[in-house]
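Open the model in your viewer and switch to a cartoon view. Keep the selection box at hand for a short tour.

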Amino acid sequence: MVRRFTEKKLVIASHNKGKIVEIAELLAPFGIDVVSAGDLGLPEPEETENSFIGNAQLKALAAARAAKLPALADDSGMAVWALDGAPGIYSARWAGPDRDFDMAMEKVNTAVGNHPDRRADFVCALSLAWPDDHVENFEGRIEGDLVWPKRGKNGFGYDPMFQPRGYDQTFGEMPAAKKHEMSHRARAFDQLVKACFA
Ligand SMILES: O=c1nc[nH]c2c1ncn2[C@H]1C[C@H](O)[C@@H](COP(=O)(O)OP(=O)(O)OP(=O)(O)O)O1
Ligand SMILES: [Mg+2]
């Protein structure tokens, strides 16, 4: 049985500011009181699993247990076809301890070189966990292509080098509301809303 979210307060189990802003925007219509893991002084757990869902679940459970509140975690990344899905679950780690995404984007672009296949997918796993260890998992994906040079200053992470297929702007050029029309995160969120908030 899918568990519905009936509480009033939710922890956003992330330490990534760009991601927290997007999740807060997606949650805004539901009138939930949100607090981030950082606000609560929760540690950033080590992401030891080998899948997006595995790591999302690990982060959501850690926060729900520690805060004694329901917690929503997001594990996401960019999977490049020419790189057999890299950086994938290692997308944050490619940016190094200082989370330098200008460097990470250079690294992706160098690794792809002049490979003719420019396809990339963004993937987002969302896990909603409760303090009794119940978890609901969802996943969203958006297909696109790598562009270089990178374009735009909006969003976060790899947004300036990713152009969703069928659009002429990168995620870095789109206003947030437009990214939310079709992003991997918005698509995972649609699943979550249908299952748990409806
Ligand atoms: O919409 C996106 N636009 C651009 N880049 C993105 C996006 N979504 C994920 N990404 C990249 C950057 C991020 O750093 C990494 C996720 O890694 P991931 O471990 O899930 O998140 P994180 O370590 O940054 O924060 P936290 O684990 O505390 O939620 O993939
Ligand atoms: Mg992380």
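Select Lys9 first, then Asp33. Lys9 stands opposite Asp33, a residue of strand E2. The model you are looking at is predicted.

Now extend the selection to strand E1, residues 9–12. E1 pairs with E2 in the parallel sense, over 4 bridges. Strands of a sheet pair through backbone hydrogen bonds, and the pairing is either parallel or antiparallel.

**The sheet**

Colour the strands next. In which order do the 6 strands of the open sheet lie? Going across, you meet E2-E1-E3-E4-E5-E6, and the pairing is mixed. Strands E2 (33–36) and E6 (162–164) are the edge strands, and each pairs on one side only. From one strand to the next, the twist averages 35°.

**The whole protein**

Zoom out. The protein has 5 helices and 6 strands. Trace the chain along the sequence and the pattern reads β-α-β-α-β-α-β-β-β-α-α. Along the principal axes, the C-alpha trace spans about 50 × 30 × 30 Å. A compact globule of 198 residues would have a radius of gyration near 16 Å, and this protein agrees, with 16 Å.

Now colour by burial. Of the 198 residues, 42% are buried. Consider contacts with a separation of 6 or more: residues 24 or more positions apart account for 60% of them.

**The annotated pair**

Select Glu46 and Asp75. An unreviewed UniProt entry annotates both as "binding site". They are spread over 30 residues of sequence, yet they cluster in space, with a largest C-alpha distance of 12.2 Å.

Centre on Glu46. This residue sits in the loop between E2 and helix H2 (52–67). Is Glu46 buried or exposed? Glu46 is exposed, because just 10 other C-beta atoms lie within 10 Å, and the cut-off for exposed is 12 or fewer.

Move to Asp75. Asp75 belongs to strand E3, residues 71–80. Here 28 other C-beta atoms lie within 10 Å, so Asp75 is buried; the cut-off for buried is 20 or more.

Finally, show the surroundings of Asp75. Which residues does Asp75 touch, leaving aside those up to four places away in sequence? The contacts are Phe52, Asn55, Ala56, Lys59 and Ala125. Leave these selected together with Asp75 and rotate the view to end the tour.

Notes
Residues are numbered from 1 along each chain as its sequence is written. Chains are lettered from A and ligands numbered from 1 in the order in which they are written. This is a predicted model: local features need pLDDT of at least 70, side-chain atom pairs count only at pLDDT 80 or more; totals for chains, interfaces and linings use all residues. Helices (H or I, at least four residues) and strands (E, at least two) are DSSP runs, numbered from the N terminus. The radius of gyration is taken over C-alpha atoms; the globule rule is 2.2 Å times the number of residues to the power 0.38. Two residues are in contact if their C-beta atoms, placed from the backbone, lie within 7 Å. Two strands pair if DSSP finds at least two bridges between them. Axes are lines fitted to C-alpha atoms, for helices over the stretch in contact, and angles run from 0 to 180 degrees between N-to-C directions. UniProt positions are given in the numbering used here, feature names are shortened, and annotations may be inferred rather than shown by experiment.
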